[in-house]
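Dear colleague,

I am handing over the structure below, together with notes on what was found in it. Please read the notes with the coordinates open.

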Amino acid sequence: MTRLRSADWYAGDDRNAYIHRAWMRRGLPADALDGSRPQIAIANTASDLTPCNRHLDEVAEHVARGVWEAGGVPHNLPVVSLGETQVRPTAMLWRNMAAMAIEEMLRANPIDGVVLLGGCDKTIPALLMAAASVDLPALVVPGGPMLTGTFRGAPLGCGTDVWRLSEEVRAGTLSSQGFLDSESSMIRSRGHCNTMGTASTMGLLAEALGMTLPGTAGIPAADSRLLARAHASGRLAVDLVHAERRPSTVMTAESFHNAIVTLAATGGSTNAVVHLLAIAGRLGVPLCLDDFDRIGAGVPLLVDLQPAGRFLMEDLHRAGGLAAVLSEVLDLLSPAALSVTGAPFVSSLEGASIWDNSVIRPRVDPVLPAAGIAVLRGNLAPAGAIIKPAAATPALLQHRGPALVFDSIEDFHARIDDPLLDVDASTVLVLRGCGPKGYPGMPEVSNMPLPEKLLRAGVRDMVRICDGRMSGTAYGTVVLHVAPEAAAGGPLNRIRTGDMVVLDVPGRTLTVDVPQAELDARPPSQALLDALARPARGWERLYVDTVLGADTGADCSFLLGSSGPQVSRESH
């Protein structure tokens with residue numbers, strides 16, 4: 001058997017081995033630290049302030065049982081946790097920091113393998129980025145979506161119905177009290193958002209990348225089968241160590257191909273684009289923005305789930321889950337990609353069936369025939385921008401209208417409901433200064449609320465453009481991740497109110513109808529410059545100084561790539 005990495009700490013009779021063992025014993029069996037049993041970290045993002053991950057301590061207990069059963073030694077390792085609904089200014093500001101901290105703790109400790117427990121939006125991406133950079137044997141157990149809540153007899157979609165109901169209050173079609181009454185029904189159980197938001201998307205994509213025990217992603221958090229899968233994942237983690245099966249051998253270019261097909265077929269979150277690019281950047285996999293269009297554009301949308309459809313994650317699970325979806329597009333998947341089991345990923349789809357074809361549509365009758373993320377370019381987005389056609393209004397996918405420009409989120413909130421605001425349904429709302437450097441952190445503000453006076457007139461969608469992100473639970477004709485961002489000198493910082501903006505999603509272009517020489521000669525908006533982030537110290541300073549553009553995944557320049565698991569020096 002290959003010598004375990006942890007044996008470099010525990011094996012031997014010298015002073016350092018004594019120190020490493022003695023402080024860890026605390027009731028462990030005598031052979032737990034003799035250098036022969038794989039030491040498995042359970043990287044646990046449970047936190048009371050990350051409400052979607054609060055149940056992961058219980059999941060960790062079941063992982064630990066599986067590790068013990070397989071002959072390993074489990075260690076609960078609490079790691080940085082990011083609650084999308086809680087932290088300000090945005091959880092995305094700390095995704096890279098969380099990945100860095102997790103990577104360093106895995107490398108620094110006597111660990112042979114790791115089980116990654118995540119749920120809320122940034123936790124699974126951060127865990128996968130860390131695992132890719134340290135490249136110890138690893139697999140993911142997604143925490144799973146919550147059960148469906150209901151309000152006045154109708155199901156509620158987390159996030160999606162917050163956006164919808166809050167707009168109805170502003171439109172005057174729902175009372176404020178009615179809106180508040182729905183609050184107690186929104187979150188029915190443990191687990192993350194039950195729509196196809198970023199949390200659900202990244203759980204499914206972790207499986208499509210080959211990084212979960214097949215059949216695990218999408219199991220509701222309250223379902224006992226998730227605990228059984230956690231137990232089996234603990235056993236598998238020990239097997240991964242013995243097989244020396246690392247993330248770099250699982251998450252290959254073929255795996256990312258399968259993830260992009262999955263993203264399109266499920267109607268997944270636009271946030272998956274920056275996360276997959278960042279994970280690929282840690283592995284050295286040559287993934288680029290245009291790959292999302294090239295691979296995913298022609299993939300049919302098969303999952304009728306909010307925000308692009310009607311149903312919720314509990315429905316997807318009972319209808320056959322991810323395996324049933326992907327069995328319909330089997331010919332579009334790469335057969336060369338592996339899963340953590342060591343078998344081809346596509347082999348896990350054998351025998352899958354659709355049990356409710358109103359939730360998972362057969363390929364011959366899709367929700368949409370082509371639904372992948374569209375990548376746009378033009379003089380407003382030289383490095384690219386994205387839009388999710390499945391969540392947009394078809395009539396607005398080709399649109400020409402005057403820009404109404406906001407220089408910051410504060411500027412937007414101060415003016416959007418002004419009854420004298422010069423705006424109509426043809427106007428293109430432009431919000432800038434919300435990219436990685438500018439905000440900082442690229443917040444979920446791109447799905448701007450519509451002007452109240454237009455809502456009251458019956459308008460429910462407008463073209464919106466931003467260098468920030470939007471929640472995966474959100475919907476609308478929203479162009480986002482515009483790159484270069486305004487704070488990095490992108491042309492978005494020179495567009496002016498009244499300029500004619502031309503959106504052509506079929507033609508994959510986003511332009512402003514201003515001569516290029518004139519656009520280039522314009523100075524950036526001073527109000528924009530005044531509103532940009534200028535942190536003096538700490539992580540924010542390091543982040544703003546080193547973060548890269550959304551078009552490459554918004555990782556920090558010094559975190560690209562892998563340092564591996566090696567530690568060169570002793571601690572005493």
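In this predicted model, helix α3 is followed by Gly 71, a residue whose phi is positive, near 95 degrees. The helix itself runs over residues 56-69 and has 14 residues, and its reach of 20 Å from the first C-alpha to the last is close to the 20 Å expected at 1.5 Å a residue. Buried positions in α3 are Leu 56, Val 59, Ala 60, His 62, Val 63, Ala 64, Gly 66 and Val 67, and what covers them includes the strands β1, β2 (73-78), β3 and β4 as well as helix α10 (224-243).

One of those covering elements, strand β3 (residues 113-118), is itself mostly covered, with six of its six residues buried. In a regular strand the side chains alternate between the two faces of the sheet. Both faces of β3 are covered, since Gly 113, Val 115 and Leu 117 on one side are buried, as are Val 114, Leu 116 and Gly 118 on the other. On the pairing of this strand, β1 (residues 39-44) and β3 run in the parallel sense and are joined over five bridges, with Ile 42 standing opposite Val 115. Strand β4 (residues 138-142) also pairs with β3 in the parallel sense, over five bridges, and there the bridge partner of Val 115 is Leu 139.

The strands β3 and β4 also belong, together with helix α5, to a right-handed β-α-β unit. Where this helix meets another, the description is again specific: α5 (residues 123-134) packs with helix α9 (residues 198-208) at an angle of about 30 degrees, the two axes being 9 Å apart. From α5 the contact is made by Ile 124, Pro 125 and Leu 128, and from α9 by Met 202, Gly 203 and Ala 206. Sorted by class, this contact of α5 with α9 has five nonpolar residues, one polar residue and no charged residues.

A last item concerns a single residue, His 20, which is found in helix α2 (residues 15-22). Is His 20 buried or exposed? His 20 counts as buried because its relative accessibility is 13%, which falls under the 20% cut-off. Once its neighbours within four places in sequence are left aside, His 20 is in contact with Trp 9, Tyr 10, Glu 570 and Ser 571.

With best regards

Methods. Residues numbered from 1 in each chain as written. Predicted model: local features only at pLDDT ≥ 70, side-chain atom pairs only at ≥ 80, totals over all residues. Heavy atoms only, no water. Axes fitted to C-alpha atoms, helices over the stretch in contact; angles between N-to-C directions. Helix = DSSP H or I, 4+ residues; strand = E, 2+ residues; numbered from the N terminus. Contact = heavy atoms within 4.5 Å. Nonpolar A, V, L, I, M, F, W, Y, C, P; charged D, E, K, R; others polar. Buried < 20%, exposed > 50% of the residue type's maximum accessible area, 1.4 Å probe, protein only. Pairing = 2+ DSSP bridges. Right-handed = clockwise from strand over helix to strand, strands pointing away. Expected span 1.5 Å × (residues − 1).
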